[in-house]
Structures are given as structure tokens and as C-alpha cells.
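Thanks for coming, everyone. I have one model to walk through today. Let me put it on the screen.

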Amino acid sequence: MSYLKINGTDVSDLVKSLKIGYETLVSDNSGRNANGDTVIDVINKKVKLQVTFRPMDDTEMARLMSTFEDYVIDVTYRDVKVNGNVTVTCYT
């Protein structure tokens, strides 16, 4: 099963570990109000992928590096929250 593609290239076989972090960005106005209630102004939600690759030979490394030629890339990964693959646009 493919669980990590970079710009359409399946690199799942090169992955040692994949950690998915979910971050919520809030405004500076978030915090507690005069009543002590928590007030949160959500600006955006982001996903952070932390990938560790296994040791590779020259051919495998060339295949991986060719996926990073562009600054902005499409990454498809397996997301347990939606129980399926999700594609996001990222920067390297």
C-alpha cells in the first residue's frame, strides 16, 4: 500500500518513519477574557509531516531527490483521521 507520494512518485519504500502533526493557528486575540472564559479565534489548521528516510543507495537517492526539484510540491500521505489518502501542497 502506498502511504507517501511526493509529486506523484511513490516513495513509501524509502521511509523509515512518518509522523503527522496537526496544528491549529490562533490569533493574538485568543486567550482569556475578563470573565476568565477561554476565547479562541482560529485562523487556520495545518498539517506537518516529519519524514525520516532509511539509508539508500545512489539510485534510490536520485529517485527521491528528483521529487524535490520544485520548491512547492504535492504530497499524498495516509491520514488516519480520514481513513484514507490526503493530498496537500507543501513547500520544501
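Thr 76 has Thr 87 as its bridge partner in β8. Please keep in mind that this is a predicted model. Right beside that pair in sequence, Val 75 is bridged to Val 88 of β8. Both pairs belong to the ladder between β7, residues 72-79, and β8. The two strands run antiparallel, and eight bridges join them.

Now the turn. How many residues sit between β7 and β8 in the hairpin? Four. One to look at is Asn 83, in the loop between β7 and β8. Its phi is positive, about 55°, and Asn 83 is not a glycine. Is Asn 83 buried or exposed? Asn 83 is exposed, because its relative accessible area of 61% is over the 50% cut-off.

There is a second asparagine to show you. Asn 7 also has a positive phi, about 50°, and again it is not a glycine. Asn 7 belongs to the loop that links β1, residues 4-6, to β2. Asn 7 has a relative accessible area of 33%, so it counts as partly exposed.

Next, the sheet around that hairpin. Four strands make it up, in the order β2-β1-β7-β8. The sheet is open, and the pairing is antiparallel. Why do β2 and β8 each have a side without a neighbour in the sheet? Because β2, residues 9-10, and β8, residues 84-91, stand at the edges, and each has a single partner strand. As for side chains, in a regular strand they alternate between the two faces of the sheet.

Follow β8 to its end. Thr 92 lies in the segment after β8. What does Thr 92 touch, apart from neighbours within four places in sequence? Its contacts are Phe 68, Asp 70, Tyr 71 and Ile 73. Take Asp 70: it is 22 residues from Thr 92 along the chain, yet their C-alpha atoms are 8.3 Å apart. Thr 92 is partly exposed, at a relative accessible area of 45%.

Now move to another loop. Asp 41 sits between β5, residues 38-39, and β6, residues 42-53. Beyond its neighbours within four places in sequence, Asp 41 contacts Leu 25, Val 26, Ser 27 and Ser 30. Its relative accessible area is 40%, which makes Asp 41 partly exposed. How far is Asp 41 from Asn 83, C-alpha to C-alpha? The separation is 28 Å, with their positions 42 residues apart along the chain.

Let's zoom out. The chain holds one helix and eight strands. The order is β-β-β-β-β-β-α-β-β. The C-alpha atoms fill a box of roughly 60 × 25 × 20 Å along the principal axes. The radius of gyration is 18 Å, whereas a compact globule of 92 residues would come in near 12 Å.

What share of the residues is buried? Buried residues are 18% of the 92. The exposed area is about 6,700 Å², and 49% of it comes from carbon and sulfur atoms. Of the contacts between residues at least 6 apart in sequence, 50% join residues at least 24 apart.

Last item, charge. The count is 11 positive side chains and 13 negative ones. The centres of those two sets are 7 Å apart. That's my tour. Over to you.

Technical notes
Residues numbered from 1 in each chain as written. Predicted model: local features only at pLDDT ≥ 70, side-chain atom pairs only at ≥ 80, totals over all residues. Heavy atoms only, no water. Rg over C-alpha atoms; globule rule 2.2 N^0.38 Å. Buried < 20%, exposed > 50% of the residue type's maximum accessible area, 1.4 Å probe, protein only. Contact = heavy atoms within 4.5 Å. Areas by Shrake-Rupley, 256 points an atom, 1.4 Å probe, with all protein chains shown as cover. Lys, Arg positive; Asp, Glu negative; His and termini not counted. Charge placed at Lys NZ, Arg CZ, Asp CG, Glu CD. Pairing = 2+ DSSP bridges.
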